[in-house]
2 protein chains.
Amino acid sequence: MSAPTMQEVAKRANVALSTVSYALNGTRPVSEETRLRISRAMSDLGYQPHALARGLASKRSHIIALLFPALPRGLGATELEFVTGAAEAAQRCGYHLVLWPTEIHGVSELQQLVRQSLVDGVLVMEVRLSDDRIELLRQIGVPFSMIGRPSDPADMSFADIDFEQTTRDAVAYLVQLGHRQIAFLNHSEELFNAGYGASVRAAAGFEQAARDAGLTPITRFCGDTALAGQEVFEELIRAHPDVTALASMNERATVGVMQAAATGGWKIPDDLSVVSLVSSARVAEMTLPPLTALTPQSAELGRLGVETLIGQLEEDHIELVQRLLPCRLVIRGSAGPSPDPARRSPLTAASD
Amino acid sequence: MSAPTMQEVAKRANVALSTVSYALNGTRPVSEETRLRISRAMSDLGYQPHALARGLASKRSHIIALLFPALPRGLGATELEFVTGAAEAAQRCGYHLVLWPTEIHGVSELQQLVRQSLVDGVLVMEVRLSDDRIELLRQIGVPFSMIGRPSDPADMSFADIDFEQTTRDAVAYLVQLGHRQIAFLNHSEELFNAGYGASVRAAAGFEQAARDAGLTPITRFCGDTALAGQEVFEELIRAHPDVTALASMNERATVGVMQAAATGGWKIPDDLSVVSLVSSARVAEMTLPPLTALTPQSAELGRLGVETLIGQLEEDHIELVQRLLPCRLVIRGSAGPSPDPARRSPLTAASD
DNA sequence: ACGTGCCGTCGAAGCGCTTCGACTATACGT
DNA sequence: ACGTATAGTCGAAGCGCTTCGACGGCACGT
């Protein structure tokens, strides 16, 4: 009734326990004939190696941990895709993926986790520019890789979205549509200051791209709510009435902008173009009009993270993998040719 | 440098290896004094028990698996919350949660995974009315619990959304606003026929609730896309011009409905009320106007699922836990008093 | 005084696997 | 003929823990 052991397989195949192990792992040569006997015995018994025992003896559990931040307002469709992609990749590689919710600064929990020697390595999500967890992992010497990266990822492996490229692409697209006054809508200043990579890198990318295109960058921080989006947008248009396009990193705020624009009598994209940065299809398709967006390859990122980590675990010559994945531009309905801002009807302030 | 073992702790505390174990697990009485010596030794060395060794010896790995469907179009914010809730609950209970992406019918993979005796139990997500995985788990005799439930969950533990109640609440709310012609927008007929519990139970709940309220239920299947939503909506209004309210199970389609309504010149909620069923805040806040919705307590559901499972693992008298959680009505802007359908301007068909 | 408990502790036997050293048999060069 | 590799196999020693049986005390009852 209980699961068959390697011993039973050995007996049934008339070989020593160790020979079964060699046949299973290819650790030492085994003759074709006995290999056959063994594998027949295994399938007769429906044998599956006992993961814990294997792990204990070999010191490789074939389990990796996915560290993900516990309760940011943040986790959305993009993150789900990471996780799914990572889980599938792990499974394909014969690994198990355990989910480990941690606060960014929850270093002691991390330490506990790692010390249990349950996991061979760790995949860290949502890495901040300066991230305690990374420091700790290096110190302990646990193999790890990241989705995202700290400010100086010198000798560490990571896979991340190419935020610089993404903003550059957005600006290029808008410029090509004739826009000359483009505003950038970021997350909140708090997140930016907390060293949230997406926020910081995209901002820098935008500044650079705008300058390179000969434009004056206009940027705004904004809380991650529709309401904040409305308010910031109204302030923005008041301060820069000639803005014709918006590149936004902040999905929730984007919705607010669109609401404010609609309430104020503006049509998108006729009166204002909006491009949503690092935005999943799931979200981009929900608005009216649907958002032209730069969509991250999230599942791919998760996959890469896992494969990089497992590579580190299995190869002996550890090679550094640092990959930046661009987002893909998906054109929907929210961006169009630049209007003449002068001809545009004034935004009628929304009354509460 | 490598992690300290129980043996080293024992030596340092001048006791036998087994005594340390007893002190750690409370398996047998240990005098206050030695307990102290031991715990000091442990913290001196920074000892953490080795999870694999513990699991191998005790036959309880303290790992549970979360089975989640690999690639339905479906996984959204709600599912992410499940997962997060489950992961946190597991952690709080001292368990690890491993993610197992599996196809609903991928029974052989499941078997392989379980046979590895890596996990003490399994939490199954997205259970279908008739679900191969459940059958298998019962057969093998692995402890499991479910988020969702099959058609006859007789003696199995589960936590699920109370779809019947949810639709009843939606109908009651709309009726109270004066609506008498209420349509129900379901997922696709394929999903319904595949025994997707949410779809089947909500449909039944709606029929019942409508009849109980003295209304004639009007229902439509609809693909999970905005486009399908538009088309179904236009057909619906043509067939039932007096419909004034819509209760929708299908978020993507809901967006399509709102787009079609807007394009056709209808205002929501003035010309049409929309209530979104089993819809996360994340999504409901994205539309214009934001959706009045019945929001599932997803994290709670995940937590319950995990706790139920762990209860089964740790108690000796196994008690059956079957919980139905109602959704909570969150009033936003998409539902209002019933208009007079006769006074409503005709829907101008959208041209492509 | 002497059993009879129970408390607190110890040593040893596993849990199911990997891996090391050793051994046999065959194949090779010289 | 001899050493010497190499393929193929075996037995045994762990990996770090739990758990069982045993045993020396000390407090009881009588």
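Leaving aside neighbours within four places in sequence, which residues is A:Leu236 in contact with? The answer is under point 1; the other points cover the rest of the model, which is predicted.

1. A:Leu236. This residue belongs to helix α11 (residues 226–239) of chain A. With neighbours within four places in sequence left out, A:Leu236 is in contact with A:Ala183, A:Arg220 and A:Val243. A:Leu236 has 20 other C-beta atoms within 10 Å and is therefore buried, the cut-off for that class being 20 or more. Between A:Leu236 and A:Asn250 there are 15 Å from C-alpha to C-alpha, at a separation of 14 residues in sequence.

2. Relation of the two protein copies. A turn of 180 degrees, with a shift of 0.0 Å along the axis, lays chain B on chain A with an RMSD of 0.1 Å. The copies are thus related as by a two-fold rotation axis. B:Val98 is the residue of chain B that comes closest to this axis, its C-alpha lying at 2.1 Å.

3. The contact between chains A and B. Each side is counted separately: 41 residues come from chain B and 41 residues from chain A. On chain B, the elements giving two or more residues to the side that touches chain A are α4 (51–58), α5 (77–92), β2 (96–102), α6 (107–115), α12 (251–263) and α13 (281–284). The largest share, seven residues, is that of α5(B). By residue class, this side of chain B divides into 23 nonpolar, 13 polar and five charged. The copies meet through the same surface, because 100% of the interface residues of chain B are also interface residues in chain A.

4. Strand pairing across the contact. Strand β2 (residues 96–102) of chain A and β2(B) run antiparallel and are joined by three bridges. A:Val98 has B:Val98 as its bridge partner in β2(B). B:Val98 is also the residue of chain B closest to the rotation axis.

5. Nonpolar core. The largest nonpolar core has 192 residues, and the members that touch the most others are A:Leu66, A:Leu123, B:Leu66 and B:Leu123. Apart from neighbours within four places in sequence, B:Leu66 is in contact with B:Val83, B:Ala86, B:Leu97, B:Leu99, B:Trp100, B:Leu123 and B:Met125. In soluble globular proteins, nonpolar side chains tend to be buried together.

6. DNA strand C. There are 29 residues around this strand, of which A:Met6, A:Ser18, A:Ala57, B:Ser18 and B:Pro29 come nearest. At least two residues of the surface near strand C are supplied by each of α2 (17–25) and α4 (51–58) of chain A and α2 (17–25) and α4 of chain B. α2(A) gives the most, with six residues. The surface near DNA strand C divides into 16 nonpolar, 11 polar and two charged residues.

7. DNA strand D. This strand is surrounded by 29 residues, the closest being A:Ser18, B:Met6, B:Ser18, B:Ser21 and B:Ala57. Elements with two or more residues in the surface near strand D are α2 and α4 of chain A and α2 and α4 of chain B. Here the largest share, six residues, comes from α2(B). The residues near DNA strand D divide into 16 nonpolar, 11 polar and two charged.

8. Helix α2(A). Its buried residues are A:Thr19, A:Val20, A:Ser21 and A:Ala23. These pack against α1 (6–13) and α3 (32–45) of chain A. A:Gly26 follows α2(A) and has a positive phi, near 65 degrees.

9. Backbone points to check. Most residues other than glycine have a negative phi, and most peptide bonds are trans. A:Asn14, which is not a glycine, has a positive phi of about 60 degrees; A:Asn14 sits in the loop between α1 and α2 of chain A. A:Asn14 is exposed, with 11 other C-beta atoms within 10 Å. A:His62 also has a positive phi, near 60 degrees, and is found in the loop between α4 and β1 (63–69) of chain A. A:His62 counts as partly exposed, with 19 C-beta neighbours inside 10 Å.

10. Cis peptide bonds. A:Leu288 and A:Pro289 are joined by a cis peptide bond with omega about -5 degrees, and A:Pro289 lies in the loop between α13 (281–284) and β10 (292–295) of chain A. In chain B, the bond from B:Leu288 to B:Pro289 is cis, with omega near -10 degrees. B:Pro289 is in the loop between α13 and β10 (292–295) of chain B.

Note on methods: Residues are numbered from 1 along each chain as its sequence is written. Chains are lettered from A and ligands numbered from 1 in the order in which they are written. This is a predicted model: local features need pLDDT of at least 70, side-chain atom pairs count only at pLDDT 80 or more; totals for chains, interfaces and linings use all residues. Two residues are in contact if their C-beta atoms, placed from the backbone, lie within 7 Å. Helices (H or I, at least four residues) and strands (E, at least two) are DSSP runs, numbered from the N terminus. Ala, Val, Leu, Ile, Met, Phe, Trp, Tyr, Cys and Pro count as nonpolar, Asp, Glu, Lys and Arg as charged, and the others, Gly among them, as polar. Two strands pair if DSSP finds at least two bridges between them. A residue is near a molecule or strand if its C-beta atom, placed from the backbone, lies within 6 Å of it. Copies are superposed by least squares on the C-alpha atoms of residues with pLDDT of at least 70 in both. A nonpolar core is a set of buried Ala, Val, Leu, Ile, Met, Phe, Trp, Tyr and Cys residues joined through C-beta atoms within 7 Å. A residue is buried if 20 or more other C-beta atoms lie within 10 Å of its own, exposed if 12 or fewer, and partly exposed in between; C-beta atoms are placed from the backbone.
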